[in-house]
Amino acid sequence: MAQLWGGRFTKETDKLVYNFNASISFDKRFYRQDIRGSIAHVTMLAKQGILTEEEKEQIIDGLNGILRDVENGSLPITDEYEDIHSFVEANLTARIGDAGKKLHTGRSRNDQVALDMKLYTRDEVTELDGLLRELLEVLLTLMKENTETFMPGFTHLQKAQPITLAHHMGAYFEMFKRDRQRMRDIYKRMNLCPLGSGALAGTTYPLDREYTAELLGFDGPTLNSMDSVSDRDYLIELLSAMSTVMMHLSRFSEEVIIWNSNEYKFVEIDDAYSTGSSIMPQKKNPDIAELVRGKTGRVYGALMSLLTTMKGIPLAYNKDMQEDKELVFDAIDTTKGCLALFTGMLRTMKFNAERMEESAKHGFTNATDAADYLVNHGVPFRDAHGIVGQLVLYCIEKKIALDDMTLEEFKSISPVFEEDIYDAISMKTCVEMRNTIGAPGKAAMEKVIAAEEAYLAENPEL
């Protein structure tokens with residue numbers, strides 16, 4: 001197969017070199033974007049009088065025919081072509097003749113691939129935004145349903161203070177909301193059209209770059225042709241944003257794995273999202289959560305790889321930049337798959353509310369509230385802290401919770417305690433007294449839930 005650039009060369013490229021240089025095995029995935037960009041390009045060329053209307057119609061008909069045949073399977077994209085651009089142009093020329101050879105007028109593969117990658121990435125950012133929204137909707141449902149589902153809150157992986165499941169889910173809502181905001185920032189910043197930049201220095205043809213940008217849904221053309229063909233910042237930003245998404249998913253997965261353990265038994269993962277053991281019949285393994293946790297490193301690796309590839313590249317385009325595609329494609333596929341599966345797992349997961357509340361009680365998560373009770377009855381905080389420390393030590397020795405102590409036992413450590421201590425340290429009181437915005441109290445949570453509902457209503461999918 002003759003290359004698009006073969007005229008300068010008298011000797012055929014070594015097969016190993018050709019295969020090493022070729023990108024068709026992976027850039028074939030944006031055939032739609034390549035054809036869409038070409039249609040916009042020839043539409044602009046005809047508007048500017050560079051092509052005739054008849055040539056434009058011939059080329060567009062031919063391009064639409066290629067698109068249709070690729071999608072119905074009658075035209076396979078094979079590795080006899082160097083890249084997706086060669087495939088489209090060669091097939092177009094074979095179908096419509098000399099008019100097909102005019103497709104590349106005023107264009108380089110440098111600005112063509114920059115356009116294809118931007119169009120593809122923009123589509124994928126839109127899909128990622130939709131998947132994040134779906135996860136947020138599941139989290140919001142859990143928040144609404146669990147404002148009185150008490151559980152321990154942790155620091156240092158030790159039980160600290162009582163919260164609710166709604167409050168815990170709300171923390172992840174904030175994380176994934178920020179992730180969604182990052183996706184939207186990337187979309188806005190990358191949405192400038194590089195087509196018309198040529199190889200690096202534009203072209204002498206009277207192109208209307210503003211018109212091409214408009215046809216393709218961009219906010220306008222890029223303003224420097226050298227940067228246009230060598231910019232991969234938006235991909236690094238996307239890999240960084242996806243790495244953060246994966247980090248959040250991995251943290252959440254770690255908690256699901258812990259909660260699923262025999263020691264906790266906070267959750268039961270649906271059979272569809274877990275597996276058994278080939279040797280131990282009692283096992284129900286949190287495989288999806290573990291795989292999400294594991295695949296996080298794969299996305300991190302793509303980010304570090306592209307950063308390393310780009311760090312020493314002078315202006316403008318260099319072939320090193322071809323390395324962006326496989327990395328980004330794999331990271332996008334991984335992140336999308338993990339979001340979809342995790343959301344499904346979370347949606348079908350059952351929470352053991354009784355077990356969670358008991359865990360909060362026996363973890364002395366209400367110890368701070370016992371100290372606050374003493375302070376409210378005139379005991380200096382430092383003394384109150386010491387008294388409650390004695391209470392906890394006593395309970396550990398007796399293997400009971402603070403709630404299980406008799407009033408006499410309370411009084412034996414401090415005579416300040418009265419019957420109302422039980423109400424003061426109940427899970428309900430401990431949580432519902434905390435009603436500053438952002439806290440787990442029911443009134444505070446209901447305000448937050450209303451705010452999150454408003455956010456989702458005001459921010460539909462991209």
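How many bridges join strand 1 to strand 2, and do the strands run parallel or antiparallel? In this predicted model, strand 1 (residues 150-155) and strand 2 (residues 158-164) run antiparallel and are joined by six bridges. To find one of these pairings on screen, start at G153, whose bridge partner in strand 2 is Q161. The two strands form a hairpin with two residues between them, and there H156 takes a positive phi near 55°.

Let's move on to helix 7, which covers residues 165-190. R180 lies in this helix, and it may catch your eye as an arginine. Is R180 buried or exposed? R180 counts as buried because its relative accessibility is 0%. If you set aside its neighbours within four places in sequence, R180 is in contact with D129, L132, R133 and L136, and also with Y455, L456, N459, P460 and E461.

Now for the nonpolar interior. The largest nonpolar core has 99 residues, and the members that touch the most others are F87, L139 and L249. Helix 10 (residues 233-259) gives the most to this core, contributing 15 residues. L139 is a good place to zoom in: apart from neighbours within four places in sequence, L139 is in contact with M169, Y172, F173, F176, F252 and L346. There is also a second, separate core of 21 residues, with A371, L402, A424 and I425 among its members.

Helix 4 is worth a look of its own. Running from residue 53 to residue 71, helix 4 has 19 residues and reaches 27 Å from its first C-alpha to its last, close to the 27 Å expected at 1.5 Å a residue. Which residues of helix 4 are buried? They are I59, I60, L63, I66 and V70, together with the glycines G62 and G65 and with E55, K56 and D69. What covers these buried residues includes helix 3 (31-47) and helix 5 (84-96). Just after helix 4 you will meet G73, which takes a positive phi of about 90°.

Finally, a word on the cysteines. How many disulfides does the model have? The count comes to zero. Take C395 as an example: a disulfide needs two cysteine sulfur atoms within 2.5 Å, but the closest cysteine sulfur to that of C395 belongs to C430 and is 14 Å away, so the distance is too far for a bond. C395 also counts as buried, because its relative accessibility is 0%. C193 is buried as well, with a relative accessible area of 0%.

Conventions
Residues are numbered from 1 along each chain as its sequence is written. This is a predicted model: local features need pLDDT of at least 70, side-chain atom pairs count only at pLDDT 80 or more; totals for chains, interfaces and linings use all residues. Side-chain values use heavy atoms; hydrogens and water are left out. A nonpolar core is a set of buried Ala, Val, Leu, Ile, Met, Phe, Trp, Tyr and Cys residues joined through side-chain atoms within 4.5 Å. Buried means under 20% relative accessible area, exposed over 50%, partly exposed in between (1.4 Å probe, protein chains only). Helices (H or I, at least four residues) and strands (E, at least two) are DSSP runs, numbered from the N terminus. Contact means heavy atoms within 4.5 Å. The expected span of a helix is 1.5 Å times one less than its number of residues. Two strands pair if DSSP finds at least two bridges between them.
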